Amino acid sequence: HLPSTVTLVLLSSILHLAAGGKLLVVPLDGSHWLSMREVLDRLSQKGHEVVVVAPEINLHIKPTKNFIMKMYPVPFTQEELDHVFRRTSENAFEEGPFLQRFLKTHELVKNTSAMFFSTCTHLLHNKELVSYLEESKFDAVFTDPMLPCGQIVAEYLSLPSIYFLQQIPCGLDFEATQCPRPVSYVPRFFTDLTDRMSFLQRVKNMLFELLNYFLCDFVFQPYAQLASEFLQRNVTVTGLLSQGSIWLLRLDFVFHYPRPLMPNMVLIGGVNCAPKKLSQ
């Protein structure tokens, strides 16, 4: 797989290709983890030490012989987590008027983001785990910046970070990399538009841009406050994400519209969940 090869070469170059490096992984649960796990399995097979930090209550992040797992407690149950993810998945396929879908999405995002934020808070406030991370002398942090908890850890440990993602809501990936994202050309979430829009479609795209910021403000703003307290200096989420060394983007121009790229952005193709043999 060419995309996997590119990913491994980039990661190995940061992890001292000859000696075998030590990689700290702060993943995001769900399908995000299933995609990342394949890359980590290959890195482990090549002799790199992989340490994964994850909450005890999760969907897919389970112990494996290829990684060192460091789990920490969180204040919710498996049933509560399963319920939130199930409702979020069901909502993605529901139809109805835009306002109704927007309000329902707003409520679900609010519940899901509160759970993820609680997870990040309990990671950063776990003094025993943070002490272990300080003493372990990692070479880099590998994380999904969909939520910035991994980058907060990277900043605290003064480590380079590698991002593994498809995209971030509200265009934070564009803002953090100062990548062009003209509203007349790049379609926004929920619009069902392409990169070729009429004037009225561009107006619609602009309106959705404003709604996206409304949706995302309450999701990301708490992380800025949490990071500022933890790092003991004023930071913004955009400022945090801008420190990423390499952005490995799980997309390509076969399935996505053409878009500008910055020098530290690398397209690695649609590495979306581990390969599985399907029946006819």
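In the predicted model, Arg188 has a relative accessibility of 5% and therefore counts as buried, the cut-off being under 20%. Arg188 lies in the loop between helix 7 (172-177) and helix 8. Two backbone oxygens are reached by the side chain of Arg188: that of Val186 at 2.7 Å and that of Arg181 at 3.0 Å. With residues up to four places away in sequence set aside, Arg188 touches Arg181, Pro182, Val183, Asn205, Phe208, Glu209 and Asn212. Arg181 thus appears both as a partner of the Arg188 side chain through its backbone oxygen and in the list of residues touched by Arg188. Helix 8, which borders the loop of Arg188, spans residues 199-231.

Helix 8 also enters the description of the nonpolar interior. The largest nonpolar core comprises 52 residues, and those with the most contacts inside this core are Leu24, Leu123, Leu124, Phe220, Leu241 and Trp247. Helix 8 supplies the largest share of the core, 9 residues. Apart from this core lies another one, of 22 residues, which includes Ile61, Met69, Ile246 and Ile268. For Leu241, one of the residues with the most contacts inside the largest core, the contacts beyond four places in sequence are with Pro145, Pro148, Gln151, Tyr163, Ile168, Leu172, Ala176 and Trp247. Trp247 is itself among the residues with the most contacts inside the largest core.

Strand 4 (residues 140-143) is covered on both faces. Ala140 and Phe142 are buried on one side, and Val141 and Thr143 are buried on the other. Strand 4 runs parallel to strand 1 (residues 22-26), to which 4 bridges join it. Strand 4 is also parallel to strand 5 (residues 161-165), with 3 bridges between the two. Thr143 takes part in both pairings: Thr143 is the bridge partner of Val26, and Tyr163 is the bridge partner of Thr143 in strand 5. Tyr163 is also one of the contacts of Leu241. Strand 4, helix 6 (residues 149-157) and strand 5 together form a β-α-β unit, which is right-handed.

Helix 6 also carries one end of a disulfide, at Cys149. The disulfide count is 1, and the bond joins Cys120 to Cys149 with an S to S distance of 2.2 Å. The torsion about the S-S bond of this pair is about 95°, so the disulfide is right-handed. The pair links distant parts of the chain, with Cys120 in helix 4 (residues 98-124) and Cys149 in helix 6, 29 residues apart. Cys120 is buried, because its relative accessible area is 2% and the cut-off is under 20%. Cys149 has a relative accessibility of 10% and so also counts as buried. Cys179 likewise counts as buried, its relative accessibility being 7%.

Over the chain as a whole, the secondary structure consists of 9 helices and 7 strands. Of the 280 residues, 48% count as buried. When contacts between residues at least 6 apart in sequence are considered, 60% of these contacts join residues at least 24 apart.

Definitions and conventions
Residues numbered from 1 in each chain as written. Predicted model: local features only at pLDDT ≥ 70, side-chain atom pairs only at ≥ 80, totals over all residues. Heavy atoms only, no water. Core = buried A, V, L, I, M, F, W, Y, C linked by side-chain atoms within 4.5 Å. Buried < 20%, exposed > 50% of the residue type's maximum accessible area, 1.4 Å probe, protein only. Contact = heavy atoms within 4.5 Å. Pairing = 2+ DSSP bridges. Right-handed = clockwise from strand over helix to strand, strands pointing away. Disulfide = S-S within 2.5 Å. Polar contact = N/O pair within 3.5 Å; in protein donor to acceptor, adjacent residues only side chain to side chain.
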